[in-house]
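Grab a coffee and work through these exercises with the model open beside you. Try each task before you read its solution.

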Amino acid sequence: VVGNEHQRKAQFALQFHQQVDDLGLDRDVKRRDRLIADDQLRTDDQSARDADTLALAIAEVGALSERRIALLIDANLSGLPAFLVKEPGLNSGFMIAHVTAAALASENKSLAHPASVDSLPTSANQEDHVSMATFAARRLDQMAHNTSVIVGIELLAAAQGIEFHRPLRSSGHLEHVHAQLRARVAPYDADRFFAPDIEAARLMVVNGELSATCKELFTVLHP
């Protein structure tokens, strides 16, 4: 995975991403189920805390994805052409795409600040401890969108990395995902307007095409 033969130990973003992603998925499912439970059986405080936990999971998935993009574009670590493009001095390649991913990951860190720790009294102090549950839930949509863009950029970067290893082939599942992406997005041979490519990859993420392709790989973890 890492191009430097003297680098014996892979970065944490590669070593631990499965554990963190699995934890994030477990949190997502459990907290989602609780958030849609009967409102009469829960309080605003519970809703805010559940939404805060979901925010942490979403932010972590995006943060690790951004780190893997950074590894791919770094020629010293990946062994691939700098910024995943031919003639990197002439082309910026995935440089700005990574900047986009880093900006969104940073934005998620701010949005992940727990809303439930804040409180302002309302209703003439009758409601003297207010959990801010509305914002706690509302910011999740923006965070999920941000993370879907980051993962979409990682998908594009990983597919581009595969191009530089041809004629070698990857696993059947990954080759299928690669073919799905290439049906929508051409290889990145020279600088071009990147927004349509990122949106096409993002839609693959949010529409569940990646998880559908590799579903049986996760049945052991998530039966």
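Below are five exercises, each with a worked solution.

A word on ground rules. This is a predicted model, so local features need pLDDT of at least 70 and side-chain atom pairs count only at pLDDT 80 or more, while totals for chains, interfaces and linings use all residues. Residues are numbered from 1 along each chain as its sequence is written, and side-chain values use heavy atoms, with hydrogens and water left out.

**Exercise 1. Work out how many helices and strands the protein has, and what share of its residues is buried.**

Step 1: Count the elements. Helices (H or I, at least four residues) and strands (E, at least two) are DSSP runs, numbered from the N terminus. You should get nine helices and zero strands.

Step 2: Check burial. Buried means under 20% relative accessible area, exposed means over 50%, and partly exposed is in between (1.4 Å probe, protein chains only). Of the 223 residues, 37% count as buried.

Step 3: Look at contacts, meaning heavy atoms within 4.5 Å. Take the contacts with a separation of 6 or more: 70% of them are between residues 24 or more positions apart.

**Exercise 2. Find the largest nonpolar core and say which helix gives the largest share of it.**

Step 1: Set the rule. A nonpolar core is a set of buried Ala, Val, Leu, Ile, Met, Phe, Trp, Tyr and Cys residues joined through side-chain atoms within 4.5 Å.

Step 2: Apply it. The largest core has 27 residues, and F94, I153, L156, L181 and F194 have the most contacts inside it. Two or more residues each come from α3 (44-73), α5, α6 (133-163), α7 (172-182) and α8 (195-206). Helix α6 gives the largest share, seven residues.

Step 3: Zoom in on L156. Leaving out residues up to four places away in sequence, L156 touches F94, L181, V185, F194, D197, I198 and A201.

Step 4: Don't stop at one core. There's a second, separate core of 13 residues, including A48, A51, L54 and L140.

**Exercise 3. Track down salt bridges that link distant parts of the chain.**

Step 1: Recall the chemistry. Side chains of opposite charge can pair when their charged atoms come close. The cut-off here is a side-chain nitrogen of Lys or Arg within 4 Å of a carboxyl oxygen of Asp or Glu. The structure holds nine such bridges.

Step 2: Start with R139 and D52, which meet at 2.4 Å, N to O. R139 sits in helix α6 and D52 in helix α3, 87 residues apart. Both R139 and D52 are buried.

Step 3: Move on to E154 and R68, paired at 2.6 Å, N to O. Here E154 is in helix α6 and R68 in helix α3, 86 residues apart. E154 counts as buried because its relative accessible area is 15%, and R68 is buried at 11%.

Step 4: Finish with E209 and R184, at 2.8 Å, N to O. E209 lies in helix α9 and R184 in the loop between α7 and α8, 25 residues apart. E209 is buried at 19%, whereas R184, at 43%, is partly exposed.

**Exercise 4. Compare L84, E87 and N91 in the loop between α4 and α5.**

Step 1: Check phi. L84 has a positive phi of about 60° although it is not a glycine. E87 also has a positive value, near 50°.

Step 2: Check accessibility. L84 counts as buried because its relative accessibility is 0%, but E87 is exposed at 55%.

Step 3: Turn to N91, which is buried at 9%. The N91 side chain reaches the backbone oxygen of K86 at 3.1 Å. That is a polar contact: a pair of N or O atoms within 3.5 Å, where within protein one must be able to donate a hydrogen and the other to accept it, and residues adjacent in sequence count only if both atoms are side-chain atoms.

Step 4: List contacts for N91, skipping residues up to four places away in sequence: V85, K86, D189, A190 and D191.

**Exercise 5. Which residues does a cis peptide bond join?**

Step 1: Scan omega. The bond between R166 and P167 is cis, with omega about 15°.

Step 2: Place the proline. P167 is found in the loop between α6 and α7.
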